[in-house]
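User: I should like a close look at a single part of this structure. Please give a connected account of that part and of the evidence behind each statement.
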Amino acid sequence: MNDSVLEIRDLKTYFYTRNGVVKAVDGVSFGISQGESLCLVGESGCGKTATALSVLRLIDSPPGKIVDGEIRYHGEDLLHSSNERLRQIRGNRIAMIFQDPQSSLNPVFTVGDQITEQVKLHLKLGNKPAMEKTLHLMEQVGIPRARERMGDYPHQFSGGMKQRVMIAAALSCDPEILIADEPTTALDTTIKAQILDIFWDLKQKKNMSILFITHDLGTVAGIADRIV
């Protein structure tokens, strides 16, 4: 793991509930190299998502708490980084795509506005350059008639198209590492294959490191360089 861009060492994330301590992540260690697609595989409820959220310190506290371990990004231990430093890394260097795009998109804003806002926030672009960047991202992930659809609201998109919007938003700052938390779970087989093609294309063209979380071994066979 010496050449890892992201390295997790003996990570422990516990949840303190009325019924006792739930050790959701208990001594997990792995690393991801530059340009590698690493699949984190396990059954539902085994702690995959808790591991991913721990990387960006997005665990709800209380009841959750990262109690031990190291999360090193290019040698920097993120567990001891300031909140300001974490805000610089989240989205910019390490981006995350969540399992349910419906809950991640605001229903009262157009998808174009939601992506553009992220672009303006992270890249400090003006309104027109940010909108052009948004258009390019939507085209990159295969959304047809992207310029027209920038003005549509989330409810006007299918499940597969919502997931493409989330991928476009995650790519808005050209991150080095992309964490994808079961992004194809709710999609039918044909759309799932198209989304996996997008991830493979990103890996090949941008040399992006991908942590892909799934319980589907068919998905693993199609995208993994290595499995944990």
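Which residues of helix α4 are buried, and against which helices do they pack? Please also describe the aromatic pair.

Analyst: The model is predicted, and the account begins with helix α4, which covers residues 111-123. At 1.5 Å a residue, the 13 residues of this helix should span 18 Å, and the end C-alpha atoms of α4 are 18 Å apart, so the expected and computed values agree. Within α4, the buried residues are V111, G112, Q114, I115, T116 and V119. The buried residues of α4 pack against three partners: α5 (127-140), α6 (146-149) and α7 (159-170). Just after α4, K124 adopts a positive phi of about 55°.

R149 falls within the range of α6 (146-149), one of the helices against which α4 packs. R149 also lies over the face of F157, at 4.0 Å from the ring centre.

The aromatic pair is a separate matter. The structure holds 1 such pair. Because the planes of F199 and F212 stand at 85°, with the ring centres 5.4 Å apart, the pair is edge-to-face; the cut-off for that class is an angle over 60 degrees. F199 belongs to helix α8 (residues 189-206) and F212 to strand β8 (residues 209-214), so the pair ties together parts that are 13 residues apart in sequence. F199 is buried, with a relative accessible area of 0%. F212 is likewise buried, its relative accessible area being 0%.

Note on methods
Residues numbered from 1 in each chain as written. Predicted model: local features only at pLDDT ≥ 70, side-chain atom pairs only at ≥ 80, totals over all residues. Heavy atoms only, no water. Phe/Tyr/Trp six-rings, centres within 6.5 Å; stacked < 30°, edge-to-face > 60°. Helix = DSSP H or I, 4+ residues; strand = E, 2+ residues; numbered from the N terminus. Buried < 20%, exposed > 50% of the residue type's maximum accessible area, 1.4 Å probe, protein only. Lys NZ or Arg CZ within 6 Å of the ring centre and 35° of its normal. Expected span 1.5 Å × (residues − 1). Contact = heavy atoms within 4.5 Å.
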